[in-house]
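Q: Please examine one helix of this structure closely, and explain how that part is placed within the whole chain.

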Amino acid sequence: MAYKQSFGTEWWTRQWLGALEAFGWESRLQRGRSYARTGRVLTLSIEAGQAEARVRGSQATPYAVVIRLQALPRPVWDSALDLIATKARYTGQLLAGEMPSDIDQLFAASGHSLFPQSQSELTASCTCPDDANPCKHIAAVHYVLGARFDADPFVLLRLRGMPRETLLG
């Protein structure tokens with residue numbers, strides 16, 4: 001999974017990475033960016049509220065990384081989906097691979113956001129011996145997540161609890 005492109009080519013990925021930097025993780029994220037660019041994130045799976053990865057480090061066995069960001073509650077999604085349904089441009093933009101620039105306002109009305117607003121919303125673990133969180137392996141997964149978000153905005157929505165099929169249905 002080597003990523004030579006820049007991370008954060010889309011506004012929603014820059015928002016994601018900016019939120020992480022705002023937590024004071026910038027130096028840790030830099031080390032993780034290098035790991036992401038050199039293909040050390042071997043696997044990545046994303047489900048509602050969780051991303052799991054295997055990251056090659058200094059040991060023969062890859063480290064297991066789990067990042068959790070609470071899926072948004074169903075009533076929040078129901079409210080957002082009602083608003084999305086009233087404006088065809090939201091669906092059109094999402095189908096075109098773009099996140100509508102004002103979509104987070106739909107969630108803000110219910111006191112939520114697609115993006116983590118505090119460190120307490122985002123938890124992560126890694127099987128490496130580094131006590132720091134995020135370690136460079138977790139940080140690498142954040143960047144690979146960002147690359148996935150850049151390629152497909154539905155990945156961010158899935159992480160927050162809304163699969164593509166349900167949203168488009």
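A: The chain in this predicted model has eight helices and four strands. Read from the N terminus, its elements follow the order α-α-β-β-β-α-α-α-β-α-α-α. The radius of gyration is 16 Å, close to the 15 Å that the globule rule gives for 169 residues, so the chain is as compact as a globular protein of that length. The C-alpha trace spans about 50 × 30 × 25 Å along its principal axes, and 46% of the 169 residues count as buried.

The part chosen for the close look is helix H3, which covers residues 74-85. Its length can be checked by a short calculation. At 1.5 Å a residue, the 12 residues of this helix should span 16 Å, where the expected span is 1.5 Å times one less than the number of residues; the end C-alpha atoms are 16 Å apart, which agrees with that expectation.

The next matter is which residues of H3 are hidden and which are open. Val-76, Trp-77, Ala-80, Leu-81 and Ile-84 are buried. Seen down the helix axis, the buried residues fall within an arc of 130°, and they therefore line one face of H3. On the other side of the helix, Pro-75, Asp-82 and Ala-85 are exposed.

The buried residues of H3 pack against four helices: H4 (88-95), H5 (103-108), H7 (154-159) and H8 (164-168). One residue of H3, Trp-77, is also touched by Leu-114. The other contacts of Leu-114, not counting residues up to four places away in sequence, include Leu-69, Leu-72, Met-99, Ile-103, Phe-107 and Leu-157. Leu-114 belongs to the largest nonpolar core, which holds 55 residues; together with Trp-16 and Phe-107, Leu-114 touches the most other members. Helix H6 (residues 136-151) supplies the largest share of this core, nine residues.

Leu-69, one of the contacts of Leu-114, lies in strand E3 (residues 63-69). Six of the seven residues of E3 are buried, so this strand is largely enclosed by the rest of the structure. E3 pairs in the antiparallel sense with strand E2 (residues 50-55) over six bridges, and Ala-51 stands opposite Ile-67 there. E3 also pairs in the antiparallel sense with strand E4 (residues 122-126), over five bridges; here Val-65 has Cys-126 as its bridge partner.

Finally, the contacts of the whole chain may be considered. Among those between residues at least 6 apart in sequence, 67% join residues at least 24 apart.

Methods
Residues numbered from 1 in each chain as written. Predicted model: local features only at pLDDT ≥ 70, side-chain atom pairs only at ≥ 80, totals over all residues. Heavy atoms only, no water. Core = buried A, V, L, I, M, F, W, Y, C linked by side-chain atoms within 4.5 Å. Buried < 20%, exposed > 50% of the residue type's maximum accessible area, 1.4 Å probe, protein only. Helix = DSSP H or I, 4+ residues; strand = E, 2+ residues; numbered from the N terminus. Contact = heavy atoms within 4.5 Å. Pairing = 2+ DSSP bridges. Arc of directions from axis to C-beta. Rg over C-alpha atoms; globule rule 2.2 N^0.38 Å.
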